[in-house]
Amino acid sequence: MTTDRTVAGSPAELAAPGASIVVDHVSRWYGNVVAVNDISFSLSAGVTGLLGPNGAGKTTLLHLISGLLRPSAGGVTVAGVPAWRHPAMYRHVGLVPEREAVHGYLTAREFVLLNARLQGVVNAEAATQRVIATVELQDAADRPINTYSKGMRQRAKVAGALVHDPAVLLLDEPFNGMDPRQRLHMMGLLRGMAAAGRTILFSSHILEEVERMADSVLVIHAGRLAASGDFRSIRRLMTDRPHTFTIRSSDDRRLAAALLADPAVFGAELGDGKLSVRTADFEGFGRALPRLARVAGISLFEITPTDESLESVFSYLVRR
Amino acid sequence: MITRMPLIAVTLRGVLGRRRTWLMILLASLPVLVALLIRAGGGQPNATTILDTLLIRTVMPLLALVFGTAALGSELEDGTAIYLMVKPIPRWHILLAKMAVAASLTIALVFPVTVLTGLITDGRDALSLAEILGYALVVSAGGAAYACAFVALSAFTGRALILGLGYVLLWEGVLSGLLEGTRFLSIRQASLGLAAQVTGNVTTPPALDLATSAAILVAVVAGAILLGSMRLSRFEIRGSDG
């Protein structure tokens, strides 16, 4: 299931112009265990959330994209460079791994400076100063990282990944350990980078984070790509799952009767002062509802889709 | 070279943890302490015996083992190596930096210890200053070969420390005394062969000749660089189960 900015499917489709990340029929298996199974998609500028239950293959996929795992089949290119065994690719990539391990004996400033120098950044000190300010770590920048909280370590890791201003940013559970204010700040930062043309792919198990931040999602389930694209559009394509709306109107009972006469509606329920309607045709229902209300002389006060959230989409997808 | 300096600096910081540094200094000073103890007891310490037995057979490989496995293996084990691997630098640069640090630290300890031990001893086989310096160079070469081998070993396995210890104690300590052919696969025998050229000592069985000894050490270093680079270029992260 695929929509808009992310492209999944055939190699011809994958050659989307301007795509920063191209994953072409990639599989990865360990003995008899298939961790990632024939996944294809391409990503261009913007924020994409990588979703999936624990063990779905999210981290494996990120490691394949970041060239830290050899694909058992298929291939990955990032910024036009094959990911596996091509260190030159890392000029364009910043990676924030999930594991907490950082060189604890270094200060954040030394750690970021190390990253800058290894990336060949021309004015490494200035770049270091800039990203330390960006992640708001100035006050603790000269303390050893092993004295940091989890959230501070995360920010140091993000600073290290940003110091060379990469075109592609890969983040594995980047908000782990951050407090709500830091999360908001980091979300704003990443959205700003995406708006400036960067391609950002991040994994998270917190749906609210993905919903707030991502332009589109990749849903991985049991090693397979279950869906990709804007999650609201994905929801529209799930024709086997009825859409549910709650409606408040001047006469819910008469409206229910009028709606049930429409072939797009196959369920209506009255309760708690609201009318709950189920339909298989999202757009058809959207056109029919005002027409039916007008004909029946009923005023509509409120219409709310109740299963349009990312959480609903995600739970539908992983239960399929 | 520009990118290798930060690699060397961060490796040095990592390897030179406070406790490890003191333990290694203590281990390295064993030959000096033994020589001093013998002199304090009124005896005449024998330079080549102390250097051959204690330094080349024990202290030198153990120092190289600890530094060699700490330089790369500990970073691979705790996951911090990933920050070096995701950089636009050839992986063999990373390997060379690790080897340079492990070898330099080993040499930094064994060279002065050899000189000090040589100067303290004045027994039957007392060495001239030139011989002492020659011996220190030999020990440095042997230590560097060990260090490179152990860095490369830690690129292959997380159990490099145990396997390295097995190589030093079982292969070189036991098997090379029983099976003469294994001497050609022994850094210790190559080091002892070079040392015998410096001191002129005649041993039973006879030590390896100069060319063979030098060839073994060169082959060890070259093989370690080659195999270690190939392994690191195919580095795969562990624990990708998410």
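**Exercise 1. Find how β12(A) is paired with β13(A), and place that pair in its sheet.**

Start with the pair itself: β12(A) and strand β13 (residues 274–279) of chain A run antiparallel and share six bridges. Strands here are DSSP runs of E with at least two residues, helices are runs of H or I with at least four, and both are numbered from the N terminus. Two strands pair if DSSP finds at least two bridges between them. This is a predicted model, in which local features need pLDDT of at least 70 and side-chain atom pairs count only at pLDDT 80 or more, while totals for chains, interfaces and linings use all residues. Residues are numbered from 1 along each chain as its sequence is written, with chains lettered from A and ligands numbered from 1 in the order in which they are written.

Next, pick out one residue: A:V265 stands opposite A:T279 in β13(A).

Now widen the view. The open sheet has four strands in the order β12-β13-β11-β14 (chain A), with antiparallel pairing. Because β12 (265–271) and β14 (300–305) of chain A stand at the edges with a single partner strand each, one side of each has no neighbour in the sheet. From one strand to the next, the twist averages 20°.

Finally, add the helix: α9 (residues 252–260) of chain A lies across β11 (243–249), β12 and β13 of chain A, at about 170° to β12(A). For such angles, axes are lines fitted to C-alpha atoms, for helices over the stretch in contact, and the angles run from 0 to 180 degrees between N-to-C directions.

**Exercise 2. Describe the sheet that holds β1(A).**

Begin with the order, β2-β1-β4-β5 (chain A), an open antiparallel sheet of four strands. Its edge strands are β2 (33–43) and β5 (81–82) of chain A, each pairing on one side only. Then look inside: strand β1 (residues 21–30) and strand β4 (residues 73–78) of chain A run antiparallel, joined by five bridges. A:D24 stands opposite A:G75 in β4(A).

**Exercise 3. Work out what chain B brings to its contact with chain A.**

First, count: 25 residues come from chain B and 32 residues from chain A. Residues are in contact if their C-beta atoms, placed from the backbone, lie within 7 Å. Second, locate: α1 (4–15) and α5 (82–85) of chain B are the elements giving two or more residues to the side of chain B that touches chain A.

Definitions and conventions:
Two residues are in contact if their C-beta atoms, placed from the backbone, lie within 7 Å.
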